[in-house]
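Colleague: I've got the coordinates open and want to go through some of the labels on them. Mind if I ask how each one was earned?

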Amino acid sequence: AVEWCRAGQTKSVIVSGGVDERLSAWAWSDGGQTEQQKKLKREEARFDAVPLMGALSLTANNDGLLACSSMDGAVRLVDVAGGVVDGKYPTAKEWLPSAVKLAPSVKEQLSLAAVHDDAAAESQQRWTSTISPIVKLVAIGLHSGDVSLVNFEDEKEEAMTLTKPAEVRAIATESDSNNNSDSSTRDVDRFTSCVRFSADGRLLASGHRDGSVVVYEVHSTEVKLSVRAHSKAVRALVFSPDRSTLITGSEDGLIKLFDVSSGDCIATLSGHKDWVNALDFNATYGLVVSGSSDGRVKVWDFALRECVHTFTTSNKSSPIWDLSVSPDDKFVVAVSEDGWMQILEVHA
């Protein structure tokens with residue numbers, strides 16, 4: 001997992017994590033025009049105080065807060081500059097949180113009004129999580145296909161559950177029946193594989209193993225969009241900066257764009273030859289960046305709906321599992337299964 005995040009007003013740092021049970025900080029210096037003048041230096045001791053059992057996913061906001069889900073079943077909030085844990089939430093050990101996504105912070109505060117159902121939430125198995133940019137609000141994907149919201153700002157506040165719409169469940173069940181899937185397979189296919197907030201924190205999207213996508217309005221918990229988006233599992237999500245479009249990536253190798261208001265698929269981007277595992281948005285240049293198991297990172301013009309560049313990593317056969325756009329929108333950091341991390345220039 002990798003995230004390019006802010007560490008103070010002017011500095012940024014790349015944070016990576018994997019099965020080596022540690023977080024690593026990397027300082028990137030774009031000192032000149034030649035490759036020799038661009039340097040990536042590891043900061044050895046920054047996160048020594050953060051206990052970890054294998055990082056599953058990372059995300060950060062503009063206020064220097066990093067969220068990390070790990071194999072011990074916990075989601076931790078970490079102060080990037082200080083390298084200390086700011087909060088911890090344990091999830092069910094049966095299903096580890098596989099993803100954490102944190103959109104940029106905004107100053108506006110929203111109130112959460114919903115009926116709490118702790119008994120139901122506790123009985124569900126957790127799988128994936130994300131954090132609201134508005135408050136320290138963690139969204140945790142459940143094995144049932146629902147999403148649980150936990151507020152780190154107030155430990156006494158009860159969690160709430162966003163329930164996956166019945167019509168989406170019905171579509172998935174009908175498809176499973178047609179494919180003669182057994183009950184255990186149907187249970188696995190329901191779980192929430194990825195979650196992501198919009199940049200202003202007002203919308204939350206969840207992607208699922210059955211190929212469905214749901215968009216909730218956070219403060220009212222109203223369902224804004226529910227659709228069977230892909231024929232295979234949804235593995236990545238990102239909103240356009242104005243939250244009018246949701247972009248999805250799937251194991252079917254396709255990237256799709258959905259109008260959040262109408263629910264219509266307005267474009268399908270094809271070009272990857274394997275799973276689409278990661279998506280991010282470059283707001284300055286209007287670009288969507290995707291990473292795939294085909295070992296390639298593609299850059300797409302959001303307005304033109306076309307690929308404008310393809311990066312092939314050093315090991316062409318190694319899947320890209322995660323990527324992150326730099327805070328200044330000039331670069332992308334991508335990590336692959338072989339353990340390599342590469343900096344790609346996207347603004348030129």
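Colleague: Where does Asp146 sit?

Modeller: In the loop between strand S10 (137–142) and strand S11 (147–151). Bear in mind that this is a predicted model.

Colleague: What makes Asp146 count as buried or exposed?

Modeller: Its relative accessibility is 7%. Buried means under 20%, so Asp146 counts as buried.

Colleague: And how do you know that the side chain of Asp146 has a polar partner at Lys164?

Modeller: A polar atom of the Asp146 side chain lies 2.7 Å from the backbone nitrogen of Lys164. The cut-off for a polar contact is 3.5 Å, so the pair falls within it.

Colleague: Let's move to Ser12. Why is Ser12 called partly exposed?

Modeller: Ser12, found in strand S2, has a relative accessible area of 33%. Partly exposed is the range between the buried limit of 20% and the exposed limit of 50%, so that's the label Ser12 gets.

Colleague: Which residues does Ser12 touch, leaving out those up to four places away in sequence?

Modeller: Trp4, Cys5, Arg6, Ala7 and Pro327. With Trp4 there is also a side chain to side chain polar contact, at 3.2 Å; the limit is 3.5 Å, so the pair qualifies. As for Ala27, it is 15 residues from Ser12 in sequence and 7.5 Å away in space, C-alpha to C-alpha.

Colleague: Now the surface. What makes Val19 exposed?

Modeller: Exposed takes over 50% relative accessible area, and Val19 has 74%, so it counts as exposed. Val19 lies in the loop between strand S2 (12–17) and strand S3 (23–30).

Colleague: Which residues join Val19 in a nonpolar patch?

Modeller: Met53 and Met71; with Val19 they have about 320 Å² of accessible area together. Nonpolar side chains are joined into a patch within 5 Å.

Colleague: How many disulfides are there?

Modeller: The count comes to 0. The rule asks for two cysteine sulfur atoms within 2.5 Å, so no pair passes it.

Colleague: Why are Cys68 and Cys194 called buried?

Modeller: The limit is under 20%. Cys68 has a relative accessible area of 2%, so it is buried, and Cys194 is buried too, at 6%.

Colleague: What does the protein chain look like overall?

Modeller: The secondary structure comes to 3 helices and 27 strands. Of the 348 residues, 53% count as buried. The chain exposes about 15100 Å², with carbon and sulfur atoms supplying 47% of that.

Notes. Residues are numbered from 1 along each chain as its sequence is written. This is a predicted model: local features need pLDDT of at least 70, side-chain atom pairs count only at pLDDT 80 or more; totals for chains, interfaces and linings use all residues. Side-chain values use heavy atoms; hydrogens and water are left out. Patches are made of residues with over 30% relative accessible area and no salt bridge: like charges are joined within 9 Å, nonpolar side chains (Val, Leu, Ile, Met, Phe, Trp, Tyr) within 5 Å. Accessible areas come from the Shrake-Rupley method with a 1.4 Å probe; for residues, only the protein chains shown count as cover. A salt bridge is a side-chain nitrogen of Lys or Arg within 4 Å of a carboxyl oxygen of Asp or Glu. Helices (H or I, at least four residues) and strands (E, at least two) are DSSP runs, numbered from the N terminus. Buried means under 20% relative accessible area, exposed over 50%, partly exposed in between (1.4 Å probe, protein chains only). Contact means heavy atoms within 4.5 Å. A polar contact is a pair of N or O atoms within 3.5 Å; within protein, one must be able to donate a hydrogen and the other to accept it, and residues adjacent in sequence count only if both atoms are side-chain atoms.
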